[in-house]
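Hi everyone, thanks for making the time. I'd like to walk you through a structure that is probably new to most of you, so let's put it on the screen.

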Amino acid sequence: MVAGYDTCPDWAPAFGYIGAASCMILANFGSAWGTWKAGLGVCKMGIDYPKGVIKNIVPIVMAGVLGIYGLIVAVILTQAIRPPASGGYTSYSMYNGYAHLAAGLCCGISCLAAGGTIGVIGDAGVQAFGLKASGGKRAWAEGSEGDGDVGVGGNSEAANAEAANKLYVGLLIMLIFSEALALYGLIVALILSQHTYVCEGNE
C-alpha cells in the first residue's frame with residue numbers, strides 16, 4: 001500500500017477530465033439550442049418585417065456567449081489537472097477531481113438551462129416584435145419592406161414602432177436575466193475550481 005494512494009489514486013484525474021468535457025459539451029449544447037430556436041424566430045420575423053432583422057439578432061449573440069463560458073471553465077479545469085510523476089504516482093487528489101467535476105457540471109448545466117430559456121424567449125419575442133412593428137402587414141405581400149403609413153389595425157407606422165420598442169425593452173430584460181443564469185453557474189464554477197488538495201508526498 002502506497003501512502004496517500006487512497007486520496008490520490010491514479011484514476012482521480014478522470015473526474016477532472018469528465019468535468020471539463022461535460023462543461024464544454026453542455027455549454028455548447030445550450031448555445032446551439034438557443035441559437036437554433038432564436039434563429040428560427042428571427043428568420044420568421046424577417047419575412048414579415050425585414051427592417052428588424054439586425055435589431056433582433058441580440059438573442060443569437062447572447063446564446064453564442066454561453067459557449068465561451070463553457071470554454072473558459074473547461075480550460076481552467078484542464079490546466080489544473082496534474083500529470084503523473086516520474087514514479088507513476090499522481091499528486092492530483094480525489095478532492096480535486098470531485099471539485100472539478102462539480103465545477104464542470106455547475107457551469108455546463110447552467111449554460112444548458114440558459115440556452116433553452118434564451119431560445120424560447122427569443123423565438124417568441126422577435127416574432128412578436130415584428131408583428132407589432134409591422135402593424136400586421138406582410139412585407140412580401142405588400143411588395144416592399146413595410147414603408148406604408150397605416151397597418152392592418154389602423155395604427156400609423158410611428159405608433160407601431162413605439163409600441164414595438166416598448167415590447168423590445170421587455171424582451172431585452174428577459175434575455176438579460178436568462179443570460180444571468182449561466183453567469184451564476186460560471187461564478188460558482190470558478191470558485192469550485194480553486195478548491196485544491198495536493199498530495200505532497202506523491203510529487
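**A walk through the helices**

Let me start with one residue: alanine 128 has a relative accessible area of 32%, so it counts as partly exposed. You'll find alanine 128 in helix H3. From its C-alpha atom to that of tyrosine 168 is 9.2 Å, and the two residues are 40 apart along the chain. Please keep in mind that this is a predicted model.

Now the overall picture. How many helices and strands does the protein chain have? There are 5 helices and 0 strands, and the order from the N terminus is α-α-α-α-α. The protein chain has 203 residues, and 41% of them count as buried. Take the contacts in the protein chain with a separation of 6 or more: 85% of them are between residues 24 or more positions apart.

Next, the inside. The largest nonpolar core has 29 residues, and the ones that touch the most other members are Leu66, Tyr69, Val73, Cys107 and Cys111. Which elements give two or more residues to this core? They are H1, H2, H3 and helix H5, which covers 157-193. H3 gives the most, with 9 residues. Zoom in on valine 73 for a moment. Setting aside residues up to four places away in sequence, valine 73 touches Cys23, Ala103, Cys107, Leu186, Ala189 and Leu190.

That brings us to the cysteines. How many disulfides does the count come to? The count is 0. Cysteine 23 is in no disulfide, and the nearest cysteine sulfur belongs to cysteine 107, 3.8 Å away. The cut-off for a disulfide is 2.5 Å between the sulfur atoms. Cysteine 23 has a relative accessible area of 0%, so it is buried. Cysteine 43, on the other hand, is at 55% relative accessibility and therefore counts as exposed.

Let's move on to the aromatic rings. The count comes to 4 aromatic pairs. One of them is phenylalanine 15 with tyrosine 98: the ring centres are 5.1 Å apart and the planes are at 70°, which means the pair is edge-to-face. This pair links distant parts of the chain, since phenylalanine 15 is in helix H1 (residues 13-48) and tyrosine 98 is in helix H3, 83 residues apart. Are these two residues buried or exposed? Phenylalanine 15, with a relative accessible area of 24%, is partly exposed, and tyrosine 98, at 43%, counts as partly exposed too.

Another edge-to-face pair is tyrosine 49 with phenylalanine 129, at 6.3 Å centre to centre and with 70° between the planes. Tyrosine 49 is in the loop between H1 and helix H2 (58-80), while phenylalanine 129 is in helix H3, so this pair ties together parts that are 80 residues apart in sequence. Tyrosine 49 is at 16% relative accessibility and counts as buried. Phenylalanine 129 is buried as well, with a relative accessible area of 3%. And back with phenylalanine 15, ring pairs link Trp11, Phe15 and Tyr98 into a cluster.

Some rings have a lysine over them. Lysine 37 lies over the face of tryptophan 36, 5.9 Å from the ring centre. Then there is tyrosine 168, which we met at the start: the charged end of lysine 55 sits over its ring, 4.7 Å from the centre.

One more lysine, please. Lysine 51 is in the loop between H1 and H2, and with a relative accessible area of 37% it is partly exposed. Its C-alpha atom is separated by 8.8 Å from that of glycine 130, and these two residues are 79 apart along the chain.

My last stop is asparagine 96, in helix H3, which spans residues 94-134. Why does asparagine 96 count as buried? Its relative accessibility is 4%, and the cut-off for buried is under 20%. What does the side chain of asparagine 96 reach? It reaches the backbone nitrogen of tyrosine 197, at 2.6 Å. Apart from neighbours within four places in sequence, asparagine 96 is in contact with His195, Thr196 and Tyr197.

That's my tour. Thanks for listening, and do turn the model around yourselves!

Note on methods:
Residues numbered from 1 in each chain as written. Heavy atoms only, no water. Helix = DSSP H or I, 4+ residues; strand = E, 2+ residues; numbered from the N terminus. Buried < 20%, exposed > 50% of the residue type's maximum accessible area, 1.4 Å probe, protein only. Polar contact = N/O pair within 3.5 Å; in protein donor to acceptor, adjacent residues only side chain to side chain. Contact = heavy atoms within 4.5 Å. Phe/Tyr/Trp six-rings, centres within 6.5 Å; stacked < 30°, edge-to-face > 60°. Lys NZ or Arg CZ within 6 Å of the ring centre and 35° of its normal. Core = buried A, V, L, I, M, F, W, Y, C linked by side-chain atoms within 4.5 Å.
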